[in-house]
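Hi there,

I am passing on the structure we talked about, so please open it alongside this note. My notes on it come straight after.

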Amino acid sequence: MNMVVWSLPCLSQEFNQGPVLRSGLDHVAIAFDFETPDGDYAWSELRFSGVVAFAFTAARYCTEDQIAAYDKLLQIEGSPWLVALPDGAPGVCHLRIFFDDAGCYDVLARAFEFFEHGTPPASA
């Protein structure tokens, strides 16, 4: 059974510009904007570290399992993708999140953190 490890603090259907993906050698960040109580938009970011792989699937091609991660980060138990890695990637877990109208991000990573920014990411 998949486990919810984090939930979005806002609805992804209310994003104005996000999500925005930034990646490096061993990290991935997904930034998203949301409307604040005063009507302005602010940015937050979900950062994954110790990344060994990631994939994006556009919304129209997502499976029911991917859509089940709507606005929440799921840890995928018994992930065939993770098991298929040559050394089994100790300490790595399969995490998945689906954003409305965008699609699904699947990430094999050691950890994740949530950050509030207030300003757009450099690539936005």
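Below is what I found, taken one site at a time.

Please keep in mind that this is a predicted model.

**Salt bridges**

How many salt bridges does the structure hold? There are three. One of them pairs glutamate 45 with arginine 22 through their side chains, at 2.4 Å from N to O. Glutamate 45 belongs to strand 4, which covers residues 41–49, while arginine 22 sits in strand 2, so this pair ties together parts that are 23 residues apart in sequence.

Glutamate 45 also forms a salt bridge with arginine 47, where the closest N and O atoms are 2.5 Å apart. The side chains of arginine 96 and aspartate 106 meet in a salt bridge as well, at 2.6 Å from N to O. Arginine 96 is part of strand 7 (residues 93–99) and aspartate 106 is part of strand 8 (residues 103–109), so the pair ties together parts that are ten residues apart in sequence. Through shared partners, salt bridges join Arg22, Glu45 and Arg47 into one network.

Are the residues of that network buried or exposed? Glutamate 45 is buried, with a relative accessible area of 1%. Arginine 22 is partly exposed at 33%, and arginine 47 is partly exposed at 31%. In the arginine 96 pair, arginine 96 is buried with a relative accessible area of 11%, and aspartate 106 is buried too, with 5%. Both count as buried because their values fall under the 20% cut-off.

**Histidine 94**

Which side chain does the side chain of histidine 94 meet in a polar contact? That partner is aspartate 106, at 2.7 Å. Aspartate 106 therefore has a polar contact with histidine 94 in addition to its salt bridge with arginine 96. Histidine 94 is found in strand 7 and counts as buried, at 4% relative accessibility. Leaving aside neighbours within four places in sequence, histidine 94 is in contact with Leu74, Gln75, Ile76, Ser79, Trp81, Leu82, Asp106, Val107 and Leu108.

**Serine 12**

Where does serine 12 lie? Its place is in the loop between strand 1 (3–7) and strand 2 (20–23). Serine 12 is buried, with a relative accessible area of 3%. The side chain of serine 12 makes a polar contact with the side chain of aspartate 71, at 2.4 Å. Not counting residues up to four places away in sequence, serine 12 touches Tyr70, Asp71, Phe99 and Asp100. For a sense of distance, the C-alpha atoms of serine 12 and proline 86 are 35 Å apart in space, with the two positions 74 residues apart in sequence numbering.

**Phenylalanine 48**

Phenylalanine 48 is found in strand 4, the strand that also holds glutamate 45. At 2% relative accessibility, phenylalanine 48 counts as buried. What does phenylalanine 48 touch, not counting residues up to four places away in sequence? The residues are Asp26, His27, Val28, Ile30, Leu73, Leu95, Val107, Ala109, Ala111 and Phe112. Val107 appears here and among the contacts of histidine 94. Phenylalanine 48 and phenylalanine 114 are 66 residues apart along the chain, and their C-alpha atoms are separated by 9.0 Å.

Happy to go through any of these sites with you.

Best wishes

How values were computed:
Residues numbered from 1 in each chain as written. Predicted model: local features only at pLDDT ≥ 70, side-chain atom pairs only at ≥ 80, totals over all residues. Heavy atoms only, no water. Helix = DSSP H or I, 4+ residues; strand = E, 2+ residues; numbered from the N terminus. Buried < 20%, exposed > 50% of the residue type's maximum accessible area, 1.4 Å probe, protein only. Contact = heavy atoms within 4.5 Å. Polar contact = N/O pair within 3.5 Å; in protein donor to acceptor, adjacent residues only side chain to side chain. Salt bridge = Lys/Arg side-chain N within 4 Å of Asp/Glu carboxyl O.
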